[in-house]
Amino acid sequence: MRDNLLLAPKESNVSGKVTKIAIAQGDGIGPEIMKATLKIMKAAGAKIETEAMEIGEQVYLSGNSSGITPEAWDAIARNKVILKAPITTPQGKGYKSLNVTLRKSLGLFANVRPVSALHPYVKTNFPEMDVVVVRENEEDLYAGIEHRQTEDVVQCLKLITRPGCEKIVRYAFEYAKAYGRKKVTCMVKDNIMKLTDGLFHTVFKEIAIEYPEIESESQIIDIGSAKLAASPQKYDVIVTSNLYGDIVSDIVAEIAGSVGMAGSCNIGKNVAMFEAIHGSAPDIAGKKIANPSGLLNAAVMMLTHIGQAAVADKIKNAWLATLEAGMHTADIFQENLSTKKVNTEEFADEIIARLGESPQQLPVSSLIKGTGTIEIPEYKRENSDKELVGVDVFIDWKGNDPQTIGKGLNEIKSHNLKLKMITNRGVKVFPTGLKETYCTDHWRCRFVAQDANVKTKEPLYLGIEFDQVIALLSKLHQNEFDIIKTENLYEFNGQRGFSLGQGE
Ligand code: NAD
């Protein structure tokens, strides 16, 4: 069985079937830009039927900390396609991000944000840029699993999964193929995070081989984003994990000229959600001057997704022609270039008046040219041989001399488990270390089988039983060591499934 994941330029909806969509008016400028967007879609002949759903600020303030009502969940289940205006997350603790809730609950694994320059109509230093950021949307640090463990230390779990990597990387290549794009760039930090980002990079290399017609390259996220900010025209499709993608996609939107212009989509197996990239702009709400382009571009992506690419092209081309005509909202108005400063409604009317026209300078939109849908094969898990070889015990200890805690732990005898090393914030401090290393109250103490790693330079691990770990923890507890957490150390098919401490 294969999942059907769209957002490729599908054949036009020739049958004229009406597609139902759930719409969220949003907060702040949301209702104004939604009204303009729906008016343009209607005038262009989009075959859609809308069902309004209630999400956002008022729902939060009514005491619902998730910001979405049960009725709205039902509307999503009925319609499966969502067009969402930005919402305001009230300030203060306890309010969960609605976007993160929707993305994770609905399995919207791919966040796709195409951004291209509209030079000279929108000011940018990069007139040639035309980049699509494909961001993993469900995992990574956004799993939001955080704990305070000691007086000084809090942690956040970074979860990267093989199925998550496979889905997003394949989606990026399929997207590139469907849209005739030439290159996919993977951005990771696997020189530091060898297991998590290493997995993302490994999967990227595995899948890239299946697309020989598309150039693939990998960059470390720090230099990659610096290069992207300096020369965005050298990039085509970028695929990356959740946090990096969040940052990189904002950089891309910003350097293209205006956050008010770009749309994005969140794609899942059953549901897809389309929205502007900007927020609810409370500073200009009610003034009727908001630029509806972000939501309109999201609607263009949505129409492509539901098989109405001809209407999507018609709207996009009229929008481009309107920009060329110098009809600009306040946020993109340029004294020497714009012909008229238009408000939200006037801008929509100018677009409607140009439906059927094409831009003269800017590239003509031709979403309809492509065919087919994006398909992702079902994930097949390979079962490795998993063996327990030790345990990292994290201890809260307020001393600052590693030798003191190290000697104390060395005296603990429990079956054949033996202290191998201690690190503090990942740096080895016992049995040897540097006196300059700053130590906090969070000690990672690695226990492995006694006879492991005695003769060879390379770490060598022997299998142990979980009972031994329990016995060790019990002994440590009896000896008043304050255990704050443990991580089992495993080998998978003989391959180490944990990182070494710096200096180990
Ligand atoms: P914002 O994007 O709303 O506004 C940033 C600046 O850009 C403001 O000066 C605003 O006036 C301007 N701007 C944004 N969109 C514009 C448009 N279409 N036309 C003209 N100018 C526009 O970001 P913010 O001020 O940081 O956030 C405001 C609220 O939006 C917050 O409550 C935030 O949580 C929320 N937010 C929601 C989403 C979403 O629903 N997807 C995304 C981001 C922020």
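## Cavity, pocket, ligand shell and sheet

The residues that line the largest cavity comprise three charged, two polar and two nonpolar residues. This structure is a predicted model, and one cavity of 30 Å³ or more is present in it. The largest cavity encloses about 40 Å³ of space. Its lining is formed by Val100, Arg103, Lys104, Arg135, Asn137, Tyr142 and Asn242. Helix H4, which spans residues 98-105, supplies the largest share of this lining, namely three residues.

From the enclosed space the description turns to an open one. The second largest pocket holds about 960 Å³ of space. It is lined by 40 residues, of which Pro114, Ser116, Asp130, Arg181 and Lys316 are the closest to its centre. Several elements each contribute two or more residues to that lining: the strands E5 (110-116) and E6 (130-136), together with the helices H5 (162-178), H8 (242-256), H9 (293-305) and H10 (309-324). Helix H9 gives the most, with four residues. In terms of residue class, the lining of the second largest pocket consists of 24 nonpolar, 10 polar and six charged residues.

The ligand may be considered next. Its surroundings consist of 18 residues, and the closest are Ile87, Gly279, Ala281, Asp283 and Asn291. This shell divides into seven nonpolar, seven polar and four charged residues. Polar contacts to the ligand involve both backbone and side-chain atoms of the protein. A backbone N or O atom of Ala281 lies 2.7 Å from an oxygen atom of the ligand, and a backbone N or O atom of Thr89 is placed 3.3 Å from a ligand oxygen atom. Asn99, by contrast, uses its side chain: one of its polar side-chain atoms is 3.0 Å from a nitrogen atom of the ligand. The ligand taken alone exposes 810 Å², and the protein buries 66% of that area.

The last part of this description concerns a sheet. Six strands form an open sheet with antiparallel pairing, in the order E19-E18-E20-E17-E21-E22. Strand E19 (427-430) and strand E22 (495-496) stand at the edges; each has a single partner strand, so one side of each is left without a neighbour in the sheet. Further in, strand E18 (residues 417-424) and strand E20 (residues 442-449) run antiparallel and are joined by seven bridges. Met421 is located opposite Arg446 in E20.

Notes
Residues numbered from 1 in each chain as written. Predicted model: local features only at pLDDT ≥ 70, side-chain atom pairs only at ≥ 80, totals over all residues. Heavy atoms only, no water. Near = heavy atom within 4 Å. Polar contact = N/O pair within 3.5 Å; in protein donor to acceptor, adjacent residues only side chain to side chain. Areas by Shrake-Rupley, 256 points an atom, 1.4 Å probe, with all protein chains shown as cover. Nonpolar A, V, L, I, M, F, W, Y, C, P; charged D, E, K, R; others polar. 1 Å grid on protein atoms, 1.4 Å probe; cavity = no way out; pocket = protein on both sides within 12 Å on 5 of 7 lines; lining within 4 Å. Points joined across faces, edges and corners; volume = space filled by probe spheres on them. Pairing = 2+ DSSP bridges.
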